[in-house]
Structures are given as structure tokens and as C-alpha cells.
Amino acid sequence: MNTALWLLSCSGAHPQSALHPAGPDSAALADLIWGLTGILTVVFVITVAIAAAAVAPRRPDAAPSELGPRFVAISGIAIPTVILFGILGWSLQTTFAVRPGQGAVALQVVGHQFWWEVRYPQAGIVDANHLVLPAGSPVVLELWSDDVIHSLWIPNLHGKVDLLPERRSGFWLRADAPGVWRGACTEYCGTQHARMLLTVEALEPAAFEAWQVGQVARAAEVPEGPGREVFVSAGCAACHAVRGVSAADRGPDLTHVASRPTLAAGVLPNTRENLIQWLRAPQEVKPGNQMPPSQLPDREFEALVDWLGSLR
Ligand code: CUA
């Protein structure tokens with residue numbers, strides 16, 4: 001089922017690493033990380049060396065130290081001032097370099113306890129926990145929260161930006177080449193804060209266009225089947241939207257649930273067995289989330305699982 005998951009497992013090594021930048025913003029941030037680490041390592045070594053020399057035992061007949069107030073003024077005030085202002089300047093310059101800019105593609109990410117809603121307003125697609133981008137194009141992300149404060153960090157592509165309930169924030173990013181990475185919530189937002197993951201997938205521009213067209217076409221023709229009636233009668237539709245079936249917006253939109261790489265925002269790979277596990281015992285899989293367990297009899301439950309598995 002899932003190219004994205006497959007890629008995630010063998011793009012291997014660093015799907016969530018700020019030290020393996022895959023775009024210009026994260027590259028600027030990685031330069032800053034390495035630069036500060038280098039400068040501060042040198043400062044640390046020199047400081048420790050001076051401290052060690054100061055406390056080293058001396059011979060009783062050694063001449064008194066020549067180092068006086070001038071040494072303190074230069075090494076204790078002048079040099080640190082230059083270094084600290086230099087670091088401040090570099091940090092500010094990086095901050096301005098990664099601020100929101102103009103982008104060809106505008107997407108929206110909304111934080112929820114504990115999952116990410118992903119909207120493609122230009123195409124009219126709503127999805128969850130799976131962000132698909134065109135590689136090589138600037139993408140503007142508009143962010144807000146539906147409940148508490150969250151913070152989105154996709155380390156290979158960008159730094160952290162908060163999602164606030166009462167204000168829109170945003171950033172722009174560009175993935176240099178196709179790939180799959182992982183984003184996470186980095187602001188404590190409740191019990192399952194640590195398991196609020198976002199799969200980020202950059203496709204070749206033509207593949208991105210085709211993906212959008214495919215999602216729109218599938219949303220226009222949601223499959224029939226006995227599971228569809230179960231979805232409505234069993235109460236799923238009270239919280240979850242499926243285009244053309246229900247418009248509820250409390251839980252993730254399920255119009256494309258079968259095409260997502262994971263279930264429960266990165267907790268389980270999206271397989272039939274895991275879908276069954278999730279629907280039967282969501283509080284065991286991810287305690288504290290808002291999904292109630294399914295009490296459906298086996299036949300209806302199977303029909304529901306089949307139908308959800310067909311929503312691509
Ligand atoms: Cu959302 Cu932490």
C-alpha cells in the first residue's frame with residue numbers, strides 16, 4: 001500500500017534530522033547549528049585551558065603573573081562581546097532568511113489533539129497526518145490550531161513554528177528533491193504529544209499534479225458498500241467526514257484514509273490488521289486520544305473495515 005512508508009523505511013537513515021537538510025531553509029539552519037557548535041567548542045576549550053592554568057600548582061619561587069586588568073578587559077569583555085554579537089547577527093540573518101515568502105503552492109496545516117489536518121485549498125483536498133508537496137517548488141504553509149498550542153517541526157526541511165488557536169502563523173519551505181521525511185509536534189499539548197507525527201512526502205511536480213487530480217477524482221466518487229451504511233449508522237459519521245457522506249469535523253477527515261502511510265498520526269503502519277486493532281481498541285494503541293472503541297458485531301465491523309480500506 002504504501003510507497004511513502006516504504007520510502008520512509010529505506011530513505012533510511014535520516015527521515016527526521018536537522019543535520020541532513022533537504023531544502024534551503026533547513027540548510028541555512030544546519031549551517032548555523034554547525035557554526036555555533038564550532039565557535040562554542042573553541043570558546044569552551046580556551047576557557048577551560050585558562051581556568052586550568054589559573055588553578056595549576058605553582059612553584060613557590062615562581063614570578064607573579066604578568067596578566068592584569070588588561071587581560072581581563074580583552075579576554076573577559078571585548079572578545080566575548082564580539083563573539084556574542086557576531087552570533088546574534090548570524091542568528092537574526094538566518095531567522096529573516098527563513099521567514100514566510102511567496103510560494104506557488106499554498107497549503108494549510110491545522111493542529112489537533114493529537115493529529116494534523118492537512119488542507120490543499122487550491123485543489124479542495126482535505127487529508128490528515130500526510131503532507132504531500134511538489135519537489136523543487138516553494139510551498140507556503142499556513143498554520144493554526146483547533147485546540148491548544150502545538151508546534152510543527154519537519155527537521156529535514158524547516159525549523160519549528162507554533163500553531164496557535166487564535167492566530168495564523170506560517171512558513172515557507174522547499175524540498176530540493178523527492179523524498180519522505182517525518183515531522184513532529186514539538187510543543188507539549190497533552191498525553192499523546194509525543195505521538196503526533198506527520199509524514200511529509202515530496203513528489204516530482206508532475207507526480208504531485210497527478211496525485212492531486214487523483215485525490216480529487218476519488219473524493220468525487222466515494223465507493224459504495226455495506227460499510228458505508230455502517231459508518232453512518234454506527235456513529236462514525238458524527239465525528240469524521242467522508243466527502244459526500246458526512247461533513248463532521250471533530251476527528252480526521254477519512255475521505256482518503258486508505259492512502260495515508262500511517263494510522264493514528266504515525267503510531268501504526270496503515271495495514272488492515274492495524275486498522276482493526278485501532279478501531280477495536282484505540283485507547284490501548286494511543287491512550288488519551290478522543291476515539292471511542294468500536295462495539296460493532298463482527299459482520300458490520302468487517303464491512304466497515306472493508307469500506308474504510310477502499311477510501312484511497
Ligand atoms: Cu501537539 Cu504536542
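# Exercises on a predicted model

Strand β6 (residues 150–153) and strand β7 run antiparallel and are joined by three bridges. The model in these exercises is predicted.

## Exercise 1: The open sheet

Determine which residue of β7 is the bridge partner of L152, and then place β6 and β7 in their sheet.

**Solution.** Step 1. The bridge partner of L152 in β7 is V161.

Step 2. The sheet is open and has five strands, in the order β4-β10-β9-β6-β7. The pairing within this sheet is mixed.

Step 3. The edges are held by β4 (130–134) and β7 (161–163). Each of these two has a single partner strand, so one side of each lacks a neighbour in the sheet.

Step 4. On average, neighbouring strands of this sheet are turned by 25° against each other, direction ignored.

Step 5. Helix α4 (residues 205–220) lies across β4 and β10 (197–203) and runs at about 130° to β4.

## Exercise 2: The hairpin of β2 and β3

Describe how strands β2 and β3 are joined, and decide whether the residues on the two faces of β3 are buried or exposed.

**Solution.** Step 1. Strand β2 (residues 115–120) runs antiparallel to β3, and four bridges join the two.

Step 2. V118 has D127 of β3 as its bridge partner.

Step 3. Four residues lie between the strands of this hairpin, in which G124 adopts a positive phi near 75°.

Step 4. Strand β3 comprises residues 125–128. On one side stand I125 and D127, on the other V126 and A128, and all of them are buried, so that both faces of the strand are covered.

## Exercise 3: Salt bridges

State how many salt bridges the model contains, and examine the pairs of D61, D176 and R272.

**Solution.** Step 1. In general, side chains of opposite charge can pair when their charged atoms come close. The count for this model is nine salt bridges.

Step 2. D61 and R59 meet through their side chains in a salt bridge of 3.3 Å, N to O. Both residues are exposed.

Step 3. D176 and R174 also form a salt bridge through their side chains, at 3.1 Å, N to O. Partly exposed residues lie between the limits of 20% and 50% relative accessible area. D176 has a relative accessibility of 46% and therefore counts as partly exposed. R174 is partly exposed because its value is 29%.

Step 4. R272 forms a salt bridge with E302, with the closest N and O atoms 2.7 Å apart. R272 lies in helix α6 (residues 272–280) and E302 in helix α8 (residues 298–309), so the pair ties together parts that are 30 residues apart in sequence.

Step 5. R272, at 34% relative accessibility, counts as partly exposed, and so does E302, at 37%. R272, E302 and D306 are joined into one network by salt bridges that share partners.

## Exercise 4: The nonpolar cores

Identify the residues with the most contacts inside the largest nonpolar core, and list what L157 touches.

**Solution.** Step 1. The largest nonpolar core has 34 residues, and those with the most contacts inside it are L131, L141, L152 and L157.

Step 2. Strand β10 contributes the largest share of this core, four residues.

Step 3. Neighbours within four places in sequence are left aside for L157. Its contacts are then A22, G23, D25, S26, L133, L173, R174, A175, W181 and V200.

Step 4. Another core, of 22 residues, lies apart from the largest one. Among its members are V242, L268, F301 and W307.

Definitions and conventions: Residues are numbered from 1 along each chain as its sequence is written. This is a predicted model: local features need pLDDT of at least 70, side-chain atom pairs count only at pLDDT 80 or more; totals for chains, interfaces and linings use all residues. Side-chain values use heavy atoms; hydrogens and water are left out. Buried means under 20% relative accessible area, exposed over 50%, partly exposed in between (1.4 Å probe, protein chains only). Two strands pair if DSSP finds at least two bridges between them. A salt bridge is a side-chain nitrogen of Lys or Arg within 4 Å of a carboxyl oxygen of Asp or Glu. Axes are lines fitted to C-alpha atoms, for helices over the stretch in contact, and angles run from 0 to 180 degrees between N-to-C directions. Contact means heavy atoms within 4.5 Å. A nonpolar core is a set of buried Ala, Val, Leu, Ile, Met, Phe, Trp, Tyr and Cys residues joined through side-chain atoms within 4.5 Å.
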